[in-house]
Every structure is written in structure tokens, then in C-alpha cells.
Amino acid sequence: MGTADQKKYWATGLVASMDDPEMKVMEDDQVIVIKDKYPKAKFHYLVLPKADIASIWHVKKENEDLLLHMQNVADELTKSHKDSEFIIGYHAVPTMHRLHLHVVSTDFNSPCLKTKYHWNSFTTPFFLQSSEICNQLREKGELEKLKSEESSLYLHTPLKCHKCSTAPKNMPDLKKHLLIHLSD
């Protein structure tokens, strides 16, 4: 398998995970919730529609009810983890094929959180809040795509703690710093 084939296979991995009983958390007639295979926090789930929608940028006005349902499922999921805070949203530039809504606890305590890209993809405006996406679709009938220059700037933003003003020099320092917030 060549590099292009491997990347294509990797990018479509969510579809295979939807059928994996080890990954599946819950399912209804519209969505399947799976555990993220490479979680970036203690709790990291993905809400995927059964409808084959490639990404957030393929959503149309007629998908408004589906996005609201995905948001409601995510909200219900967070209630089972009362001691944790969560962020719920989409990446501005998804790397995986199939629309998926991230439900991530804000402890960011995971060995899979390794790079500045990982960090900034969840802690800057690169991470599009689900509630804002739903409102935008309801009010405007379409989603306003983030410009690629903006996306790139967010991903290259200097590291900064999401809970305080600490600006660590690298990921190991950030991960060490985040541990102090776990006891808050």
C-alpha cells in the first residue's frame, strides 16, 4: 500500500470504528457515538451521523435538525461525567472523512496529546463550538468557512494554558503544568 493509499485508509478510519463494538458508546436511529481511538483527554468521544456527510463543510440547511440532535446527544453524554468540564465542537479543517462532533473533557490528560497542533486544534478558535455552528446554520442557512490562513495561524499560535495565563515553552512543560489544574 503506497503513502497516498495509507493516508486515504487512515482518513476513512472513523467509518470502520462506527462498526467496532469496542469503540461504540451508544447508538440511535441518527447517530453513533464512539470513543476517540487517540483521545486527547480523559474523556474524548465522537458523535457521528449515520448519514454519509463528508465533513462540517458539506452540511446544508436541511441538516440543521441532525446537527442539533448531535449537539443534544453530546450534551447528554457529558451529564454522565458530572465531575468533568467539556468542550463540544468541530475542527475547522477536519483530517478524518465523515462529519464528527468532538466531545472532549478539558483536563486534556492523555498520552495521545503530543503536539502543539493537537493542543491548538482544541484550545483556539480552530475548534468551532457546536452551539455556534448550530446557530450559524439556523440564522444564515449556511456555514461560514474559516479562511485557511486563519486556520494555520491558530494552529501555530504559541502554547498557552486554557485555564490560566501560563505560556509554557513546549508540550512537555504544558503537560506538566496541566497536572496542577487536575487538583483544582
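In the predicted model, 46% of the 184 residues of the chain count as buried. The secondary structure comprises 7 helices and 6 strands, and these elements follow one another along the sequence in the pattern α-α-β-β-β-α-β-β-α-β-α-α-α. When contacts with a separation of 6 or more are considered, 61% of them join residues that lie 24 or more positions apart.

The largest nonpolar core contains 30 residues, and within this set Val47, Ile56, Leu67 and Met70 touch the most other members. At least two residues of this core are supplied by each of strand E2 (31-35), strand E3 (44-49), helix H3 (64-79), strand E4 (86-91), strand E5 (101-105) and helix H5 (130-140), with H3 giving the most, namely 6 residues. For Met70, the contacts beyond its neighbours within four places in sequence are made with Val31, Val47, Pro49, Tyr90, Leu99 and Leu101. Apart from the largest core lies another core of 13 residues, which includes Ile87, Val104, Phe127 and Leu159.

A charged residue in a buried setting is found at Asp36, which is located in the loop between E2 and E3. Although Asp36 is buried, no salt bridge is formed by this residue, and Lys40, the nearest side chain of opposite charge, is 4.9 Å away; that distance lies outside the limit of 4 Å that applies to a salt bridge. The side chain of Asp36 instead reaches the backbone nitrogen of Tyr38, at 2.8 Å. With residues up to four places away in sequence left out, Asp36 touches Met23, His44, Tyr45, Leu46 and His102.

Aromatic rings form 5 pairs in the structure. The pair of Phe108 and Trp119 is edge-to-face, because the ring planes stand at 65°, with the centres 5.0 Å apart. Phe108 belongs to the loop between E5 and helix H4 (116-123), whereas Trp119 belongs to helix H4 itself, so that the pair links distant parts of the chain, 11 residues apart. Both of these residues, Phe108 and Trp119, are buried. A further edge-to-face pair is formed by Tyr117 and Phe126, since their planes also stand at 65°, here with the ring centres 6.4 Å apart. The two partners of this pair differ in their exposure: Tyr117 counts as partly exposed because its relative accessibility is 36%, whereas Phe126, with a relative accessible area of 0%, is buried. One aromatic cluster is formed by Phe108, Trp119, Phe122 and Phe127, and Phe127 is also among the residues of the 13-residue core.

The count of salt bridges comes to 9. In one of these, the side chains of Glu27 and Lys50 meet with an N to O distance of 2.8 Å. Glu27 lies in strand E1 (residues 24-27) and Lys50 in the loop between E3 and H3, so this salt bridge ties together parts that are 23 residues apart in sequence. Glu27 is partly exposed, with a relative accessible area of 40%, and Lys50 is likewise partly exposed, with a relative accessible area of 36%. Glu27 and Lys50 are also linked with Lys24 in a network of salt bridges.

Another salt bridge joins the side chains of Glu76 and Lys79, at 2.9 Å from N to O. Because Glu76 and Lys79 are 3 residues apart in helix H3, they are separated by about one helical turn. Glu76 counts as partly exposed, at 48% relative accessibility. A salt bridge is also formed between Lys140 and Glu144, whose closest N and O atoms are 3.7 Å apart, and in this case both residues are exposed.

An exposed acidic residue is provided by Asp83, which has its place in the loop between H3 and E4 and has a relative accessible area of 82%. Between Asp83 and Ser105, which are 22 residues apart in sequence, the C-alpha to C-alpha distance is 9.9 Å.

Note on methods: Residues are numbered from 1 along each chain as its sequence is written. This is a predicted model: local features need pLDDT of at least 70, side-chain atom pairs count only at pLDDT 80 or more; totals for chains, interfaces and linings use all residues. Side-chain values use heavy atoms; hydrogens and water are left out. A nonpolar core is a set of buried Ala, Val, Leu, Ile, Met, Phe, Trp, Tyr and Cys residues joined through side-chain atoms within 4.5 Å. Buried means under 20% relative accessible area, exposed over 50%, partly exposed in between (1.4 Å probe, protein chains only). Helices (H or I, at least four residues) and strands (E, at least two) are DSSP runs, numbered from the N terminus. Contact means heavy atoms within 4.5 Å. Lys and Arg count as positive and Asp and Glu as negative; His and the chain ends are not counted. A polar contact is a pair of N or O atoms within 3.5 Å; within protein, one must be able to donate a hydrogen and the other to accept it, and residues adjacent in sequence count only if both atoms are side-chain atoms. Rings of Phe, Tyr and Trp (its six-membered ring) pair if their centres lie within 6.5 Å; planes under 30 degrees apart count as stacked, over 60 as edge-to-face and the rest as tilted.
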